[in-house]
Amino acid sequence: MAVVDAEYCFISIDVGAYGREADSTVFKECPFGKLLYSEQLGLPAPVCLPNTSDNPQPYVVIGDEAFGLHKNLLRPFPGRGIDRRKRIFNYRLSRARRYVECSFGILANKWRVLHTAINEEPDFADIIVKACCILHNFVRRRDGVNFEDTLSNSLDNLEVHQNDTGGRS
């Protein structure tokens with residue numbers, strides 16, 4: 001589970017949850033999620049969007065349909081029979097969620113140990129994943145954005161992180 005910025009850097013990660021646990025449950029129990037839901041995350045006050053002078057909007061985290069609504073968490077509208085405005089909103093929200101998916105793809109392509117199962121004790125595997133995320137951020141900040149990484153990255157890379165055996169992911 002991760003929160004990333006627009007530069008594909010990890011802001012917050014939670015490693016070590018079992019694959020069978022729902023994302024919403026993992027998020028509610030991780031330190032970042034607890035701070036968000038208790039409104040202690042320290043997000044800036046709501047501000048007006050550019051070219052507007054009324055109706056300030058809160059800073060938000062973006063999730064998928066599994067997450068519950070919260071004033072600082074956006075999720076897509078559920079269901080198939082939604083109107084055009086809601087479909088456009090869902091499309092734009094899914095484009096924003098791609099930053100997380102692409103960040104994992106860039107991470108796995110940079111640190112090839114993540115392309116296969118990590119044959120270590122679970123606690124040590126967690127340390128390896130955390131170290132890869134820290135090194136990923138360091139390299140991204142040191143080298144800047146490498147558009148070859150972002151343009152050639154495919155969402156198919158996410159399959160690497162799935163664990164169909166119900167074990168740790």
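Let me begin with the chain as a whole: of its 169 residues, 28% count as buried, and I should say at once that what we are looking at is a predicted model. The chain holds 5 helices and 4 strands, and if you read along the sequence, these elements follow the pattern β-β-α-α-β-β-α-α-α. Among the contacts with a separation of 6 or more, 51% are made by residues that stand 24 or more positions apart. As for the outside, the chain exposes about 11400 Å², and carbon and sulfur atoms supply 52% of that area.

Now to the inside. In soluble globular proteins, nonpolar side chains tend to be buried together. Here the largest nonpolar core has 9 residues, namely Ala2, Val4, Phe10, Leu107, Ala108, Leu114, Ile128, Cys132 and Cys133. Strand S1, residues 2-4, helix H3, residues 84-110, and helix H4 each supply at least two residues of this core, and it is H4 that gives the most, with 3 residues. Apart from this core lies another one, of 8 residues, which includes Phe27, Phe32, Val61 and Phe67.

Phenylalanine 10 is a good residue from which to look around the larger of these neighbourhoods, since I have just named it as a member of the largest core. Leaving aside neighbours within four places in sequence, phenylalanine 10 is in contact with Ala2, Val3 and Val4, with Ser103, Phe104 and Leu107, and also with Cys133, His136 and Asn137.

That brings me to helix H4 itself, and to histidine 136, which lies in this helix of residues 122-143. With 22 residues at 1.5 Å a residue, H4 should span 32 Å, and the C-alpha atoms at its ends are 31 Å apart, which agrees. The buried residues of H4 are Ala125, Asp126, Ile128, Cys132, Cys133, His136, Asn137, Val139 and Arg140, so you will notice charged residues such as Asp126 and Arg140 in that list alongside nonpolar ones.

Is histidine 136 buried or exposed? Histidine 136 has a relative accessible area of 3%, and because the cut-off for buried is under 20%, histidine 136 counts as buried. Its contacts, again without the neighbours within four places in sequence, are Tyr8, Cys9, Phe10, Ser103, Ile106, Leu107 and Trp111.

Tyrosine 8, one of those contacts, deserves a moment of its own. Most residues other than glycine have a negative phi. Tyrosine 8, however, has a positive phi of about 65° although it is not a glycine. This residue is found in the loop between S1 and strand S2, residues 10-13, and tyrosine 8 is buried, with a relative accessible area of 14%. Asparagine 55 also has a positive phi without being a glycine, in this case near 60°. Asparagine 55 sits in the loop between H2 and S3, and there the residue is exposed, with a relative accessible area of 57%. Just after H4, glycine 144 takes a positive phi of about 80°.

Let me turn to the charged pairs. Side chains of opposite charge can pair when their charged atoms come close. How many salt bridges does the structure hold? The structure holds 2 salt bridges. In one of them, glutamate 39 pairs with lysine 71, and the closest N and O atoms are 3.6 Å apart. Because glutamate 39 lies in the loop between H2 and S3, and lysine 71 in the loop between S3 and strand S4, residues 73-74, this pair ties together parts that are 32 residues apart in sequence. Both glutamate 39 and lysine 71 are exposed.

Another salt bridge joins aspartate 143 to arginine 142, with the closest N and O atoms 2.7 Å apart. Aspartate 143 is partly exposed, at a relative accessible area of 48%, whereas arginine 142 is exposed, at 54%.

Finally, the surface. Leu43, Val47 and Tyr59 form a nonpolar patch there, and together they have about 240 Å² of accessible area. Valine 47 has its place in the loop between helix H2, residues 31-37, and strand S3, residues 61-62, and at 38% relative accessibility valine 47 counts as partly exposed.

Note on methods. Residues are numbered from 1 along each chain as its sequence is written. This is a predicted model: local features need pLDDT of at least 70, side-chain atom pairs count only at pLDDT 80 or more; totals for chains, interfaces and linings use all residues. Side-chain values use heavy atoms; hydrogens and water are left out. Buried means under 20% relative accessible area, exposed over 50%, partly exposed in between (1.4 Å probe, protein chains only). Contact means heavy atoms within 4.5 Å. Patches are made of residues with over 30% relative accessible area and no salt bridge: like charges are joined within 9 Å, nonpolar side chains (Val, Leu, Ile, Met, Phe, Trp, Tyr) within 5 Å. Accessible areas come from the Shrake-Rupley method with a 1.4 Å probe; for residues, only the protein chains shown count as cover. A salt bridge is a side-chain nitrogen of Lys or Arg within 4 Å of a carboxyl oxygen of Asp or Glu. A nonpolar core is a set of buried Ala, Val, Leu, Ile, Met, Phe, Trp, Tyr and Cys residues joined through side-chain atoms within 4.5 Å. The expected span of a helix is 1.5 Å times one less than its number of residues.
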